[in-house]
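Reader: Got a minute to walk through a model with me? Let's put it up first.

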Amino acid sequence: MAHGRAVLGIELGSTRIKACLIGERSQVLAAGGHEWENRFVDGVWTYTLEDVESGLQEAYRDLVADVRLRYDVGIESLAAIGVSAMMHGYLAFGADGRLLVPFRTWRNTSTGPAAAALTELLGVNIPMRWSIAHLYQAILDEEPHVKDVAALTTLAGFVHQRLTGRAVLGVGDASGMVPIDPRTHDYDETVLQRFDELVADRAPALRLRALLPEVLEAGAEGGRLTASGAALLDPTGALREGALLCPPEGDAGTGMVATNSVAPREGNVSVGTSVFAMVVLEGPLEQVHHEIDLVTTPAGDPVAMVHCNNGASELAAWVGLFTRFAEASGTALATDAVYEVLFREALAGEGDAGGLLAYNLLAGEPIAGLREGRPLVLRTPDSRFTLANFMRAQIYGVFGVLSLGMRVLASEGVRLERMLAHGGLFRTPGVAERFLSAALAAPVAVGEQAAEGGAWGIAVLAAYSASHAQLDLARYLDDHVFAGAEVRTVEPAQDDVAAFTAFLERYRTGLAVERSAVESA
């Protein structure tokens, strides 16, 4: 590390900023992190740029401390760096580099009219969280800042630009801003032209391409760490400038890399504050579906994405309640231990969760047609209200909306050989992946890097850029990263699939209660 051969990956997730240092064989050398939370301010889910900067520094400082503890050395230089972050949303800057309005994250669902109009105009699904939808909604709402917009980017692109001075994006992250042309792996020119024509009356000076970062494929050089970038990351001054940076990517792309699922008919599921599944396509879909986003791998290949705004946060809240109960009873347990106890208990639950329903909907959920969320637990007088059934319903609930979206892909005849899963939910072997396999009716695999997730994935992409390998990304991952890697795979059991299907039918019916709760607020 003192000799500059290690590679750093940083991912700004929804609840944690992770830093991961890897060696020449992609093995994890050290890790660091920083907890943070989005804020709900004036009806907008956001993070301040001050929180971004301080959180980045805290995660790096924690990594340096781990290096010092493990190896008794510091970090003076690095071979390469990669930055990843939650995708989509709206970061709009003026010509002076000033942020014009607070960062609007992927979690906001205020762009429904814009997303619907753009989807109809362009003939491709434009999700509410995409940058193009946020921009058009701001234009429709006649927000005064629109006339001053000089640049748009993503969170990963913003941090990358602070480190390198370059306004670039990996193609996967860019595909969450504006649709990508599968032939050119660049923004779709037809989309750009139609958008400019659409807003000509309201924003005559706006030219969408001029606002967007340059698009780069995996393996390209995204810039070099500048002196000011090094000082931002490490205010102590120990880190030197000069490290290569790969194109910044979104958490979708790094999830694909972290699970080695970048080839056709491969897919992956990432579970965190949100849940999303991605399947690399063999060809175009026949119809436009509001449940399916079309994005790309970091190499630019087309991907069908099912993105759910709500993930494991509600489950974590319940685990926190049980953790406090254990502490109050005088038998305190670590949070990870509570997770394991409760997950093991879920295995003893009835296949359909005993008639219980659990909704993890803290925020709006477009796939379910909900503009806001209401976390709920529902049961009938004759349902079996046991801890085992309760926990099974909670874990099933994490996958409920995802399963609705994946059934749309199945109706399109999309073939899937297996889904690779990652995220902390899969740390207890044999539980979450079994339930997910039942939800998807497909094999689910969890690799040894699952808990490291996107920070490790972006570090691998940085190493790929630094290697100047002539191999394509899929071959590089197979030959240099995952060769010999241990993977545990769960095949879907027929009884489990049938039981989850029964749960899902009740879940779909119970959404009427969700809608009523939202409408009556």
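Author: Here is a chat about a helix, a sheet and the cores. This is a predicted model, where local features need pLDDT of at least 70, side-chain atom pairs count only at pLDDT 80 or more, and totals for chains, interfaces and linings use all residues. Residues are numbered from 1 along each chain as its sequence is written, and side-chain values use heavy atoms, with hydrogens and water left out.

Reader: Ok, helix 13: mostly covered or not covered?

Author: Mostly covered: nine of its 12 residues are buried, meaning under 20% relative accessible area with a 1.4 Å probe, protein chains only. Among them are Val401, Leu404 and Val408. Helices here are DSSP runs of H or I with at least four residues, strands are E runs of at least two, and both are numbered from the N terminus.

Reader: Which strands does helix 13 lie across?

Author: Strands 15, 16, 18 and 21, and helix 13 runs at about 150° to strand 18. Axes are lines fitted to C-alpha atoms, for helices over the stretch in contact (heavy atoms within 4.5 Å), and angles run from 0 to 180 degrees between N-to-C directions.

Reader: And just after helix 13, which residue has a positive phi?

Author: Gly413, at about 75°.

Reader: Switching to the open sheet: what's the strand order?

Author: 17-18-16-15-21-22-23, seven strands with mixed pairing. Pairing takes at least two DSSP bridges between two strands. Strands 17 and 23 are the edges.

Reader: How do strands 21 and 22 pair?

Author: In the parallel sense, over three bridges. Leu420 has Ala445 in strand 22 as its bridge partner.

Terms used. Buried < 20%, exposed > 50% of the residue type's maximum accessible area, 1.4 Å probe, protein only.
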